Amino acid sequence: MLGLNKTDSKFLLIVILLTIFTPILMQPFAANSGLDQFNGGYPDLMQKVAIFGIFAVGFNILFGLTGYLSFGHAAFLGIGSYAAVWMFKLLTMNVIPAILLAMIVSGLLAVVIGYISLRRSGIYFSILTLAFAQMCYKMAYSVLTPITNGETGLQLSLSDPRVLDGATTSTSLPVTNIFGLAMNSSYKVEALNRVFTFNVGFYFCAIIAIIAFYVAIRLFRSPFGMMLRAVKSNQQRMNYMGLNTKPYTLAAFVISGMYAGLAGGLLAAMDPLAGADRMLWTASGEVVIMTILGGAGTLMGPVLGAGVIKYLENIFSKINETVLHSWFHWLPDGIEEVVVWIFARFTGEGWHLTLGITFMLVVTFLPGGLVEGLKRLARLARKGRKKTDKFDESDPDHTPPPSKHVV
Amino acid sequence: MDAILLQVLNGLDKGSAYALIALGLTLIFGTLGVVNFAHGAIFMIGAFCAVTLSRILSLSFETIDPTKVDFLGNPATIKTPYVEAWFGPEFGGALIDWAVPLAILFSIPIMIAVGFIMERGLIKHFYKRPHADQILVTFGLAIVLQEVIKYFYGANPISTPAPEVFKGSFDFGAMFGFDPNVIIYPYWRMVYFLFAAVVIGAVFSFLRFTTFGMVVRAGMADRETVGLLGIDIDRRFTIMFGLAAAVAGMAGVMYAPILSPNYHMGMDFLVLSFVVVVVGGMGSLPGAVAAGFLLGVLESFASMNEIKSIIPGIDQIIIYVVAIIILLTRPRGLLGKRGVMEE
């Protein structure tokens with residue numbers, strides 16, 4: 001299907017199905033039940049998962065395949081947002097041109113930054129990208145204020161020209177739409193004691209995410225992807241063989257920058273404002289964390305990481321001491337206080353602490369991320385089932401080690 | 001001339017902070033070969049040592065003074081710090097006033113302990129892993145440390161004043177025969193610069209003139225051979241890590257009066273310090289110090305109005321621009337050694 005082999009088609013199909021049914025899958029608990037707060041089926045969160053999934057998939061094309069650790073990807077996210085908002089202001093509230101412009105602008109920026117940064121590798125590359133991103137951030141705050149609106153952030157206003165939309169007489173700000181279908185409109189279904197929200201914005205993001213994911217699969221399986229992996233394992237040898245690796249790494253950098261720009265454009269399409277905060281290096285750090293947590297160099301990993309982090313971020317932030325008390329009220333008083341106190345350190349405000357600890361544990365003990373963890377679990381389960389089998393798959397002497405980069 | 005001198009002076013205190021942090025980073029990198037993204041967090045912990053000590057010293061008990069009433073008519077409560085009750089108001093008050101300088105003594109053992117725990121508990125396991133993994137795990141550690149501090153001290157900056165003696169500014173220009181009232185320089189910044197100079201000098205002479213330092217330098221040059229000579233080089237490197245942590249911590253303590261400590265100050269300084277290290281040359285101690293002062297001074301020059309009117313916004317990005325230019329033209333940095341992380 002679509003130039004993919006059987007396994008990949010199946011895989012893509014699963015991903016598509018999962019994405020389509022996300023509004024249902026993310027709403028597993030009945031409303032009014034104690035577990036209602038674990039439901040993640042509201043548009044804002046689902047959109048974020050899809051968008052940051054795109055961001056992480058793009059980052060993974062660079063880091064996962066070539067091993068170049070960029071600490072400045074947020075610059076592309078930010079510039080994508082700015083470009084999209086300017087399109088909303090000047091041309092039309094339709095999201096398509098905005099997203100296209102976001103990708104083009106971030107691609108151009110990526111060419112410039114990549115061309116310079118890729119002259120060095122290793123830690124120097126990380127520092128260079130970080131320096132560029134910080135530069136973009138600082139400039140967005142200071143010199144470029146006419147374009148970026150500085151600290152306030154770029155917003156829509158009633159006096160914007162919006163040439164294609166024609167003059168609107170309404171006194172409220174227009175909403176982003178795709179050919180008339182508003183992004184924030186949603187269709188609610190109440191069934192099985194749950195409210196399922198089918199949001200236009202989410203489905204728009206989801207379709208783009210699926211396309212982006214498909215492109216990533218094709219890229220991973222292409223000779224180009226092979227070349228990038230070769231860069232990761234031994235760039236020197238490639239140079240000795242007379243290959244110039246620069247165009248390949250630069251292409252990977254630009255593609256991944258465009259993914260980030262696309263994500264930024266989508267962020268703006270869902271909520272038409274852009275601030276310099278999106279370029280801050282903590283935002284770059286976030287996508288690094290997502291990719292590593294999920295599993296760098298795998299297809300599913302970054303999406304998984306983005307989903308898990310965004311979901312947990314939302315859920316954890318909501319759990320405050322009152323909620324904890326209602327959970328542990330069955331414990332004896334003294335113990336309850338202690339337990340609640342301990343849990344409260346890691347939830348609510350303490351979400352970043354949990355994230356930091358989880359991230360450290362994953363880097364230390366599970367360098368392959370969640371995907372590797374799942375694979376290990378699967379292997380364990382299989383081992384348990386056929387203990388008597390002499391030619392076990394996990395026997396390294398009889399089976400070649402599985403390729404590192406297959407899903 | 002006046003203006004130039006003023007900008008050089010203005011750059012010195014920030015440059016000192018950069019230089020101290022970069023010195024620690026380079027020590028760690030040069031000895032252990034580890035890229036430590038948590039070094040900014042150590043600087044931040046140092047600053048919070050100052051906060052902690054000043055809080056401990058101002059711990060007080062309340063007494064009710066029946067002779068005075070507050071505006072509601074209740075008897076006024078008077079807070080007396082314990083130290084004033086124990087040592088008399090004069091000495092006790094001086095103790096509280098000098099909390100920040102005293103915090104240096106207080107912070108050294110704490111920072112060395114933090115360094116030891118970090119090195120033995122975490123970083124030890126990452127020597128053989130790729131640099132990317134080291135960056136990632138220390139980045140995670142930095143987040144954790146930040147959040148821990150945020151829990152104990154809250155998210156707002158805590159102002160920690162310098163001793164009364166060092167408050168205010170002095171007329172630097174008049175002392176050296178320039179026009180008075182042109183070069184006004186705060187005392188504490190001068191103190192900071194002198195302090196940084198002393199610490200940097202101490203670290204360098206420690207490495208240069210002691211046997212321990214000689215062994216460490218030998219280890220930096222060729223770890224394996226030193227190990228083969230029967231010297232427990234790992235233990236010495238751990239001590240160097242503790243020392244680097246102490247240097248960053250002291251830099252943080254003394255910086256507390258200049259910038260009220262908040263939990264993310266470490267990250268802000270870390271990014272710049274990394275730039276400093278890379279500009280100075282990975283693994284080169286003099287390079288780190290020189291680049292720290294150079295970038296600090298350049299930054300303050302760029303914030304002059306004359307220059308800002310030519311290139312607007314240059315003050316915000318000058319450091320990064322310089323870093324990019326240097327990295328592209330001198331791949332090893334200003335004073336980098338051949339063969340140290342060239343790729």
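Here is a walk through a two-chain model, from single helices to the contact between chains A and B.

The model is predicted, so local features are taken where pLDDT is at least 70 and side-chain atom pairs only at pLDDT 80 or more, while totals for chains, interfaces and linings use all residues. Residues are numbered from 1 along each chain as its sequence is written, and chains are lettered from A, with ligands numbered from 1, in the order in which they are written.

Let us begin with helix α1 of chain B, residues 2-32. Helices here are DSSP runs of H or I with at least four residues, strands are runs of E with at least two, and both are numbered from the N terminus. With 31 residues, α1(B) reaches 44 Å from its first C-alpha to its last, close to the expected 45 Å; the expected span is 1.5 Å times one less than the number of residues. At Leu12(B) the helix bends by about 35°, the bend being the angle between axes fitted to the seven residues ending there and the seven starting there. After α1(B) comes Gly33(B), with a positive phi near 70°.

How much of α1(B) is buried? The count is 25 of its 31 residues, so the helix is largely enclosed by the rest of the structure. A residue is called buried if 20 or more other C-beta atoms lie within 10 Å of its own, exposed if 12 or fewer do, and partly exposed in between, with C-beta atoms placed from the backbone.

Gly11(B) is a good place to stop within α1 of chain B. Gly11(B) has 23 other C-beta atoms within 10 Å and is therefore buried. Leaving out residues up to four places away in sequence, Gly11(B) touches Gly296(B), Val297(B), Glu299(B), Ser300(B) and Phe301(B); two residues are in contact if their C-beta atoms, placed from the backbone, lie within 7 Å. Asp65(B), by contrast, is 54 residues from Gly11(B) in sequence and 49 Å away in space, C-alpha to C-alpha.

Another residue to visit is Val277(B), in helix α11 (residues 265-280) of chain B. It is buried, with 30 other C-beta atoms within 10 Å. Beyond four places in sequence, the contacts of Val277(B) are Ala22(B), Leu25(B), Thr26(B), Met282(B) and Ala288(B). Between the C-alpha atoms of Val277(B) and Thr67(B), 210 residues apart along the chain, there are 61 Å.

Now look at Glu119(B), which sits in helix α4 (residues 99-121) of chain B. This glutamate counts as buried because it has 23 C-beta neighbours inside 10 Å. Apart from residues up to four places away, Glu119(B) touches Lys124(B), Thr238(B) and Phe241(B). Phe237(B) is 118 residues from Glu119(B) along the chain, yet their C-alpha atoms are separated by 9.4 Å.

Turning to chain A, Phe63(A) belongs to helix α3 (residues 43-66) and is buried, with 25 C-beta neighbours inside 10 Å. Its contacts past four places in sequence are Tyr68(A), Leu69(A), Ser70(A), Thr291(A) and Ala296(A). For Thr291(A), the C-alpha separation from Phe63(A) is 8.7 Å across 228 residues of chain.

Phe55(A) brings us to the largest nonpolar core, which has 224 residues; Phe55(A) and Val275(B) touch the most other members. Such a core is a set of buried Ala, Val, Leu, Ile, Met, Phe, Trp, Tyr and Cys residues joined through C-beta atoms within 7 Å. Phe55(A) touches Leu77(A), Tyr259(A), Ala260(A), Ala263(A), Val287(A) and Ala306(A), not counting residues up to four places away.

Helix α10 of chain A, residues 246-270, reaches 36 Å over its 25 residues, close to the 36 Å expected. Of these residues 20 are buried, so α10(A) too is largely enclosed by the rest of the structure.

Finally, how many residues does each chain bring to the contact? Chain A gives 34 and chain B gives 31. On the side of chain A that touches chain B, the elements giving two or more residues are α6 (122-141), α11 (281-294) and α15 (351-365). Of these, α6(A) gives the most, with 12 residues. The residues on this side divide into 20 nonpolar, 10 polar and 4 charged, where Ala, Val, Leu, Ile, Met, Phe, Trp, Tyr, Cys and Pro count as nonpolar, Asp, Glu, Lys and Arg as charged, and the others, Gly among them, as polar.
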